[in-house]
Amino acid sequence: MQPRNMSMSGVVDLAAVKAAQEAKAKAEQARAQAARQGGGTGGVPPADLVIDVDEAGFERDVLQRSAEVPVVIDFWAEWCEPCKQLSPVLERLAVEYNGRFLLAKIDVDANQMLMQQFGIQGIPAVFAVVAGQALPLFQGAAGEAQIRQTLDQLVQVAEERFGLTGLVVDPDAEPGGAGADQSAAEVPAGPYDSLLEAAVRALDAGDFGGAVQAYRNVLNDDPGNTEAKLGLAQAELLHRVQGLDPQQVRKEAAEKPADPQAQIAAADLDLVGGHVEDAFGRLIDTVRRTAGDDRDAVRLRLLELFEVVGGDDPRVAAARRALARALF
């Protein structure tokens with residue numbers, strides 16, 4: 001599939017990539033089917049779109065969930081009069097947005113450590129966590145029009161930058177259910193089969209530039225094509241490392257531990273060599289040592305590598321949690 005000095009062993013093979021692509025496509029199809037038929041997909045019930053979160057469950061209910069859906073956090077307290085006006089609006093919009101975001105309500109009186117970690121000076125305060133990253137949305141009372149505009153921007157960023165399509169909602173599901181059974185959904189053959197097959201043939205032949213172009217051709221016509229997105233991530237990785245001198249890259253990375261580009265190049269080689277945890281750990285450590293544009297470049301490359309391995313891989317889930325801790 002690639003030159004003999006590049007092994008994807010231990011990372012992902014094309015069959016695994018395709019399985020991950022199909023799983024995501026099934027989720028998207030289930031969402032569309034739920035919208036057309038009004039439920040019956042085995043998704044989450046509307047009541048589960050609004051959850052109470054405490055310090056003990058924050059990592060599970062917010063950080064981990066933010067890998068699949070944007071989590072909006074409403075910091076509130078019983079004595080806060082503006083909170084009593086804002087919270088019902090957020091709860092209603094969480095249901096109206098039909099799984100595009102999850103609303104987590106945190107009582108600051110009972111969870112003061114979380115309040116301190118987010119640097120909150122007053123309530124109500126609303127944040128979002130997307131793929132482990134905390135984003136301030138607004139503080140104090142806000143009109144519904146402003147809230148909707150902010151949520152629309154959040155949903156758009158989550159979909160375009162992180163590929164988060166949200167949760168499948170089933171109005172007939174029981175609250176507290178286990179979630180959607182995506183295996184029942186059938187993925188119809190798309191109109192891009194020949195182009196996707198051409199991309200796979202290019203990968204097998206070691207023509208990584210050709211594979212990149214083939215996947216991009218699909219995405220030009222169908223920007224949401226899951227198989228092309230994930231295939232492109234793999235092809236771009238292999239294309240990046242094709243001309244690298246591994247010995248020189250690793251020498252520079254060892255000599256320049258704070259150089260983001262040196263660490264990014266070494267992480268690419270780590271992943272291609274099958275050292276998944278090493279690649280993720282290298283970039284997470286670099287995130288801790290950098291700031292500003294350098295940190296953002298490292299974070300974005302790490303998200304790209306997550307795409308290569310696949311969001312269902314437990315190593316990705318663990319690295320997302322570690323990244324969130326590094327960013328905090």
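In this predicted model, the side chains of Arg-92 and Glu-144 meet in a salt bridge, with a nitrogen-to-oxygen distance of 2.8 Å. The pair links distant parts of the chain, since Arg-92 belongs to helix 3 and Glu-144 to helix 5, and the two residues are 52 positions apart. Arg-92 is partly exposed, with a relative accessible area of 39%, and Glu-144 likewise counts as partly exposed, at 30% relative accessibility. The contact between these side chains belongs to a network of salt bridges in which Arg-92, Glu-96, Glu-144 and Arg-148 are linked.

Helix 3 takes part in a further salt bridge, in which the side chains of Glu-91 and Lys-105 meet at 3.2 Å, again taken from N to O. Glu-91 lies in helix 3 (residues 81-96), whereas Lys-105 lies in strand 3 (residues 102-107), so the pair ties together parts that are 14 residues apart in sequence. With regard to solvent, Glu-91 counts as partly exposed because its relative accessibility is 30%, which falls between the limits of 20% for buried and 50% for exposed. Lys-105, by contrast, is buried, with a relative accessible area of 10%.

Salt bridges number 19 in total, and one of them, between Asp-285 and Arg-288, has its closest N and O atoms 2.8 Å apart. Because these two residues are 3 positions apart in helix 11, they are separated by about one helical turn. Asp-285 is partly exposed, with a relative accessible area of 34%, and Arg-288 is also partly exposed, at 46%. Helix 11 (residues 276-289) also contains Val-276, which has a relative accessibility of 0% and therefore counts as buried. The C-alpha atom of Val-276 is separated by 8.2 Å from that of Val-309, a residue 33 positions away along the chain.

The strands are arranged in an open sheet of 5 members, in the order 1-3-2-4-5 and with mixed pairing. Strand 1 (50-52) and strand 5 (133-139) form the edges, each pairing on one side only, and neighbouring strands are turned against each other by 25° on average, direction ignored. Strands of a sheet pair through backbone hydrogen bonds, in either a parallel or an antiparallel manner. Strand 2 (residues 71-76) and strand 4 (residues 125-130) run antiparallel and are joined by 5 bridges, with Ala-125 of strand 4 as the bridge partner of Phe-75. Helix 5 (residues 144-162) packs on the sheet, where it touches strand 2, strand 4 and strand 5, and the direction of the helix makes about 165° with that of strand 5.

Strand 4 is also joined to strand 5, through 6 bridges and in an antiparallel arrangement; in this pairing, Leu-135 of strand 5 is the bridge partner of Ala-128. The two strands form a hairpin with 2 residues between them, and Ala-131 in the turn has a positive phi of about 50°.

Taken as a whole, the protein chain comprises 13 helices and 5 strands, and buried residues make up 45% of its 328 residues. Among contacts with a separation of 6 or more, 74% are accounted for by residues 24 or more positions apart. The accessible surface of the chain comes to about 15400 Å², of which 49% belongs to carbon and sulfur atoms.

Conventions. Residues numbered from 1 in each chain as written. Predicted model: local features only at pLDDT ≥ 70, side-chain atom pairs only at ≥ 80, totals over all residues. Heavy atoms only, no water. Pairing = 2+ DSSP bridges. Helix = DSSP H or I, 4+ residues; strand = E, 2+ residues; numbered from the N terminus. Axes fitted to C-alpha atoms, helices over the stretch in contact; angles between N-to-C directions. Contact = heavy atoms within 4.5 Å. Buried < 20%, exposed > 50% of the residue type's maximum accessible area, 1.4 Å probe, protein only. Areas by Shrake-Rupley, 256 points an atom, 1.4 Å probe, with all protein chains shown as cover. Salt bridge = Lys/Arg side-chain N within 4 Å of Asp/Glu carboxyl O.
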